[in-house]
Amino acid sequence: MRCPFCGFEDTQVKDSRPTEDGMSIKRRRFCGGCQSRFTTFERVQLCELTVVKSDGRKESFSREKLARSIYVATRKRAIPSEKVERIINGLQHRLETLGESEISSRLIGEMIMGVLFELDSVSYIRFASVYKKFSEMTDFQEFIGKHLDDKKENPRKKKESRKYPSLFEGVDDEVR
Ligand SMILES: [Zn+2]
């Protein structure tokens, strides 16, 4: 597998073992090109899915794309990668068992929003800012205000709600 950091083609597998839920194989890899370490997960693909985008264009479902958007949203949020991987597996499983071969990108976006809402407010808001294409600071303010109200209405999840200033905590300057 190609190194995600430097593009070197010949990375080595250092260790392989099944994840806790037995649904994936986790492999720790090492790049001889840039000395980076990274982890990949291998799982069964049940069926081919087509994603229909909002402008009507179609593309085949990409687990990598789904995973990337969730990893970006949860980056540096102290959520274990195994947990993130379980969430991705869960989402993919739900998509594959909808019984539809074509799925709208909007549905996928809403499903991710639902999962992140439960998981972590900061990840949720980060994902929403990309998904809903926030362009103004007021978009954030409005969304965060509404989000905090939603959390209040659901006291079970109240402990997960986080304060506004922590929104970009841990995000590198270049991403800000
Ligand atoms: Zn590399």
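**View 1. Is Arg27 buried, exposed or partly exposed?** This is a predicted model, and our opening close-up sits on strand β2, residues 24-31, where you'll find Arg27. Count the C-beta neighbours inside 10 Å of Arg27 and you get 17, so Arg27 goes down as partly exposed. To be called buried, a residue needs 20 or more of these neighbours, and to be called exposed, 12 or fewer. Who does Arg27 touch? Leaving out residues up to four places away in sequence, Arg27 touches Val13, Asp15, Ser16, Thr39, Thr40 and Glu42. Have a look at Phe38 too: Arg27 and Phe38 are 11 residues apart along the chain, and 8.5 Å separates their C-alpha atoms.

**View 2. Here's the whole protein chain, to help you find your way around.** The chain has 5 helices and 6 strands. Walk along the sequence and you meet them in the pattern β-β-β-β-β-α-α-β-α-α-α. Out of 176 residues, 16% count as buried. Now take the contacts with a separation of 6 or more: 47% of them are between residues 24 or more positions apart.

**View 3. Now for the largest nonpolar core, a group of 19 residues.** Which residues have the most contacts inside this core? They are Ile70, Ile87, Ile112, Val115, Leu116, Tyr124 and Phe127. Four helices each chip in at least two residues: α1 (63-74), α2 (81-96), α3 (105-119) and α4 (121-131). The largest share comes from α3, with 6 residues. Pick out Val115 and ignore its neighbours within four places in sequence, and you'll see that Val115 is in contact with Ile87 and Leu91.

**View 4. Let's zoom in on helix α3 by itself.** How many residues does α3 have? There are 15, and from the first C-alpha to the last α3 reaches 21 Å, close to the 21 Å expected at 1.5 Å a residue. The buried residues here are Ile108, Ile112, Val115, Leu116, Phe117 and Leu119. As you go through that list, keep a handy rule in mind: an α-helix has 3.6 residues a turn, so residues three or four places apart point the same way. What do the buried residues of α3 pack against? Their partners are strands β4 (50-52) and β6 (102-104), along with helices α1, α2 and α4.

**View 5. Next up is the place where α2 and α3 cross.** The two helix axes come within 11 Å, and they cross at roughly 145°. This crossing is right-handed. On the α2 side, the contact is made by Ile87, Leu91, Arg94 and Leu95, while α3 brings Ile108, Met111, Ile112, Val115 and Leu119. Sort these residues by class and you get 8 nonpolar, no polar and 1 charged.

**View 6. Two loop residues share a quirk: Gln35 and Ala78.** Gln35 isn't a glycine, yet its phi is positive, at about 70°. You'll spot Gln35 in the loop between β2 and β3 (37-43). Is Gln35 buried or exposed? Gln35 has 10 C-beta neighbours inside 10 Å, so it counts as exposed. Ala78 isn't a glycine either, and its phi is positive too, at about 55°. This time the loop is the one between α1 and α2. Ala78 has 7 C-beta neighbours inside 10 Å, so Ala78 is exposed as well.

**View 7. We finish with helix α5, residues 137-153.** Here's a quick check you can do yourself: at 1.5 Å a residue, the 17 residues of α5 should span 24 Å, and the end C-alpha atoms are 25 Å apart, so the two agree. Why does α5 lie largely in the open? Because the number of buried residues among its 17 is 0.

Technical notes. Residues numbered from 1 in each chain as written. Predicted model: local features only at pLDDT ≥ 70, side-chain atom pairs only at ≥ 80, totals over all residues. Core = buried A, V, L, I, M, F, W, Y, C linked by C-beta atoms within 7 Å. Contact = placed C-beta atoms within 7 Å. Axes fitted to C-alpha atoms, helices over the stretch in contact; angles between N-to-C directions. Left-handed = near helix turned anticlockwise from the far one by under 90°. Nonpolar A, V, L, I, M, F, W, Y, C, P; charged D, E, K, R; others polar. Expected span 1.5 Å × (residues − 1).
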